[in-house]
Amino acid sequence: MLQHLLNTVKSFGNQPLHVLVIGDVMLDRYLIGNVGRISPEAPVPIVLLNEQNERAGGAANVAANLALLGIKTHIIGCVGNDAEGDSLKKSIAATDVDINGIIHSPYRPTIAKTRILSGHQQMLRLDQESTAAFNSDENAQLMSAIDVALARQPNIVILSDYAKGLLSEAVCQHIINTCHAQEIPVLVDPKGRDYSKYKGATALTPNKKETAEACETHTDDVSLINKATALKNSLNLAFLAVTRGEEGITLIDQDTHKIAATAQKVFDVSGAGDTVIATLAAGLVYGLSPLESLQLANIAAGIVVGKVGTIPITRAELIETLSHQQNSTQAQKVCDLTQLIEKVDNWKKAQQKIVFTNGCFDLLHAGHVTYLEAAKKRGDKLILGLNTDRSVSAIKGPTRPVVNETDRARVLAALESVDAVILFDEDTPLNLINAIQPHVIAKGSDYTASQVVGGKEVESWGGEIALIDLVEGRSTSNIIKKLNS
């Protein structure tokens with residue numbers, strides 16, 4: 001799975017695809033200093049300012065996340081005729097987002113949030129905004145910008161709603177209906193208690209608290225999931241993704257899938273929801289399933305919460321994290337019997353079909369890789385029983401193996417098709433097969449079903465034998481002969 005996600009992220013920007021973000025753009029200001037004393041004028045801390053910066057927030061942060069992932073991005077929002085608006089547009093444009101869809105209004109200020117921090121601790125936040133409904137002049141500008149942008153046929157549209165007036169019910173339904181007619185997916189980060197204005201969208205990504213409020217229930221998992229499923233159905237959504245902070249993400253489609261959080265440290269959750277919906281959109285645009293896209297989004301969110309302030313994810317950061325996780329996961333594939341049984345129990349609880357195969361796999365070659373890929377297709381998880389050095393020598397002779405058991409196990413664990421590797425020292429893997437009771441036992445087609453060790457046992461508990469065609473002319477013996485010739 002991680003290799004697939006990594007390959008997808010590496011492909012971001014390689015196709016002429018683009019995303020349209022529509023929503024409440026805002027300026028995030030950070031005044032950072034240190035508290036050394038309390039003011040003599042009032043019982044408040046004095047912050048000695050040593051750093052200040054401005055960043056794109058709200059819908060602008062969603063767009064910045066997409067752009068820094070390498071996705072071509074356009075944005076529609078509204079700013080006032082003020083210095084904050086100029087600064088915000090400059091911040092957005094700096095991430096290479098197309099800002100031609102941003103409208104200017106003389107009737108409201110640019111939304112701005114000023115946070116005063118001492119180290120990582122937020123001391124105070126000052127907000128500048130108007131949440132009044134858009135007037136006829138503002139709506140005319142907005143609808144014109146939306147129609148122009150939708151005529152360019154974006155590959156996906158994101159509605160980033162912070163309940164500041166831009167995404168009214170009429171605007172949301174116009175966007176959703178227009179996109180539906182053009183078969184353009186619409187993702188929504190919602191606000192408020194009434195989600196009816198998002199009816200017909202592809203998906204919503206509320207957090208746990210927002211979901212509970214919209215469903216008029218408490219945050220108990222069972223109750224919340226049942227009510228959220230009913231909400232998804234009533235709004236005709238393809239799926240609903242509930243972000244749950246340190247608990248991860250829950251995807252509700254035909255089934256319910258829980259994705260565990262990955263963050264190792266949490267400094268600031270500001271903008272994490274923006275990162276989730278942006279990465280979800282990027283994954284969907286590049287062909288990932290909703291579950292795969294949310295797994296990617298979950299990893300991205302785990303990165304940004306380790307930063308202070310609203311800071312978007314970058315493609316390089318995501319690639320680095322995925323590569324690190326993949327390497328760690330590969331090493332963890334090599335396990336002893338106790339660890340393997342625990343994995344198998346979890347896979348069976350998840351109703352995943354388990355395939356077992358075994359062999360020496362000395363000097364890994366294309367024939368091995370092709371065989372293992374074909375074996376994996378017979379189920380969901382592939383366990384490889386690997387002969388120890390002693391047992392390989394007993395089978396192949398004193399000059400074998402060429403590669404020691406530790407190295408063979410590690411190389412095999414790096415294959416995407418292999419989910420677990422376990423060394424066995426017996427003459428046959430029968431004891432191992434009986435211990436894990438796989439659903440399928442795979443061997444090469446140079447065997448007959450009656451010759452497959454463990455075949456009768458697997459069939460006795462309702463499993464099956466799969467004979468896999470081998471690649472002609474590919475063998476370790478041939479490689480050794482060539483090397484010695």
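**Exercise 1. Work out how the 8 strands of the open sheet are ordered and which strands lie at its edges.**

*Solution.* Start with the order in this predicted model: the open sheet runs β4-β1-β9-β10-β11-β12-β13-β14, and its pairing is mixed. Next, look for strands that pair on one side only; these are β4 (72–76) and β14 (256–259), the edge strands.

**Exercise 2. Find the sense in which β12 and β13 pair, and the residue of β13 that alanine 241 stands opposite.**

*Solution.* A little background helps here: strands of a sheet pair through backbone hydrogen bonds, in either a parallel or an antiparallel way. Now take β12 (residues 239–243) and β13 (residues 249–252): they are joined over 4 bridges in the antiparallel sense. Within this pair, alanine 241 faces leucine 251 of β13. To finish, add the helix: α7 (residues 221–234) lies across β12, β13 and β14, and its direction makes about 45° with β13.

**Exercise 3. Classify the packing of helices α2 and α8, then describe their contact.**

*Solution.* First, the geometry: α2 (residues 59–68) and α8 (residues 272–285) have axes 8 Å apart and pack at an angle of about 45°. The two helices are therefore oblique to each other. Their crossing is right-handed.

Second, the residues. From α2 come Asn61, Val62, Asn65 and Leu66; from α8 come Asp274, Thr275, Ile277, Ala278, Ala281 and Ala282.

Third, sort the residues of this contact by character: you should get 6 nonpolar, 3 polar and 1 charged.

Notes. Residues are numbered from 1 along each chain as its sequence is written. This is a predicted model: local features need pLDDT of at least 70, side-chain atom pairs count only at pLDDT 80 or more; totals for chains, interfaces and linings use all residues. Side-chain values use heavy atoms; hydrogens and water are left out. Axes are lines fitted to C-alpha atoms, for helices over the stretch in contact, and angles run from 0 to 180 degrees between N-to-C directions. Angles under 35 degrees count as roughly parallel, over 145 as roughly antiparallel, 65 to 115 as roughly perpendicular and the rest as oblique. A crossing is left-handed if the near helix is turned anticlockwise from the far one by less than a right angle, and right-handed if clockwise. Contact means heavy atoms within 4.5 Å. Ala, Val, Leu, Ile, Met, Phe, Trp, Tyr, Cys and Pro count as nonpolar, Asp, Glu, Lys and Arg as charged, and the others, Gly among them, as polar. Two strands pair if DSSP finds at least two bridges between them.
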